[in-house]
Amino acid sequence: MIESKQTIGLSVAGRENKVRWVMLMQTIGLGLLMVILAAALIVGVAAIWLKAPSKDLSDLFWFLLISGGVSVGLAAVWLQWSQQGSGLHVQLVVTYLVGVVIALVNVAVTSSLMFLSVHDLSLFLLLMAFSAIVSVFFAFFLSQRLAQAVIVLSQAAMQVAQGKLNTRVMVTGSKELRNLGMAFNSMTQQLENSLTRQRELEKMRTELIASVSHDLRTPLASLRLMTEAVSDGVADEKTTAVFLSRMRNEVEYMSSLIEDLFELSQLDAHTLKLKPERGNLRDLISDTIGSLSSQTALKNQQLEGQVADDLPEFVFDSHKIQRVLNNLVSNAIRYTPAGSQIIINAHPQAAWAEVSVSDNGEGIAPEILNRIFEPFYRGENSRGRESGGAGLGLAIAKGLVEAHGGQIEVESQAQHGTAFTFRLPLNAA
């Protein structure tokens, strides 16, 4: 294992050295091309403007080519070497200094070949030295600002690595630095949102497991007790018949819960297969009212349906949308007091078929509205089936509507009632 790690380390180091040499040769090649083009341009200007003889132009071209080539080679080697661990601050300052020194040497050699006087040459060199000092000062100032910006981003990245995802940097500096700062802040914001969502999902998963355990453990415990009573001969014939009826109800409840869980898992995994066909909502709403009228009669509630005449037929899975309507209306019946009114309204809305199930009950608290479509979430602490079932109806309704490419939402006002509204696309394929 140690030899393997060493071999991998040598292989990586070899690739890095190869990349450095390739970059060095590319830099020298581009630099030489730039020198040739610049020398040709200068010679062309000298021929047109100064009308210099051809021999002088040839000497000028070769001198510029040789001095420029040497300068490019030295600069490329420095740039490649300066990247081996030196800071950005040092790299920029020394790069400016190297450029000034190269220019100073080139000008000095050129001036000496032009046979300028020693006095003029000395004065010229002093002026060049002054320019070099000024250039290095500006390079120092610029590199300090750039290095400080990089340091700030580096420290912020370290904080993010330590788990402080609320870290943000000030967006200042040049256009590139501002873009980098905004990209960093956007990245940390997305990371923070992802972490928050992950924690919410983990909390929901924990609650889901606890809810499923509760809703299955209670009927199983009841089944076990009744089974033991029947098998041990403790119950008489009449009691046995009652127990068998209850056992059948418990089994049906658990079967329904497991089917709901299976359907919910399919919706979450986007594997639920729909069977769309052309149909109309009028028949669907009429069937819903007919199937739930016995429940509304027990609570003296009024259940009405209103369908707009201009609502056309369109393609949808009638069985699944029937399930949505049953879940929404059953939810309204369960949580609306006796004597209340429940209305199903359907009408076209632009490219959508909009269906609402509204009641005039007590309404839903705002803190509950935010979680109303979560699986197993219920507004009351009790988990009795008589007061709210397993809490999967609204979650399944939301999943079925979204599986059709639709939307579902809820609005509620205290003492004024609640309205669930879902929309289905009229032009669905």
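**Reading a helix pair and a sheet**

Me: Helices α5 and α6 catch my eye in this predicted model. How do their axes lie relative to each other?

Reply: Helix α5 (residues 175–231) and helix α6 (residues 237–268) have axes that come within 10 Å and cross at roughly 155°. Angles over 145 degrees count as roughly antiparallel, and α5 and α6 are therefore roughly antiparallel to each other.

Me: Is the crossing of α5 and α6 left-handed or right-handed?

Reply: It is left-handed. The residues making the contact include Leu-216, Leu-220 and Leu-223 of α5, and Phe-243, Met-247 and Leu-257 of α6.

Me: What kinds of residues make up the contact of α5 with α6?

Reply: The contact divides into 15 nonpolar residues, three polar and three charged. Among the charged ones you can find Asp-215 of α5 and Arg-246 of α6.

Me: Now the sheet, please. In what order do the five strands come?

Reply: Follow β2-β4-β5-β7-β6 across the open sheet, where the pairing is mixed. At the edges are β2 (302–307) and β6 (407–413), each pairing on one side only. From one strand to the next, the twist averages 15°.

Me: How many bridges join β5 to β7?

Reply: Seven, between residues 352–359 of β5 and residues 417–425 of β7, and these two strands run antiparallel. To locate one such bridge, start at Ser-358 and look for its partner in β7, Ala-419.

Me: And which strands does helix α8 touch?

Reply: Helix α8 (residues 318–335) packs on the sheet and touches β2, β4, β5 and β7, with its direction at about 175° to that of β7. Helix α7 (residues 281–298) lies across β2, β4 and β5, and runs at about 175° to β2.

Notes:
Residues are numbered from 1 along each chain as its sequence is written. This is a predicted model: local features need pLDDT of at least 70, side-chain atom pairs count only at pLDDT 80 or more; totals for chains, interfaces and linings use all residues. Side-chain values use heavy atoms; hydrogens and water are left out. Two strands pair if DSSP finds at least two bridges between them. Helices (H or I, at least four residues) and strands (E, at least two) are DSSP runs, numbered from the N terminus. Axes are lines fitted to C-alpha atoms, for helices over the stretch in contact, and angles run from 0 to 180 degrees between N-to-C directions. Contact means heavy atoms within 4.5 Å. Angles under 35 degrees count as roughly parallel, over 145 as roughly antiparallel, 65 to 115 as roughly perpendicular and the rest as oblique. A crossing is left-handed if the near helix is turned anticlockwise from the far one by less than a right angle, and right-handed if clockwise.
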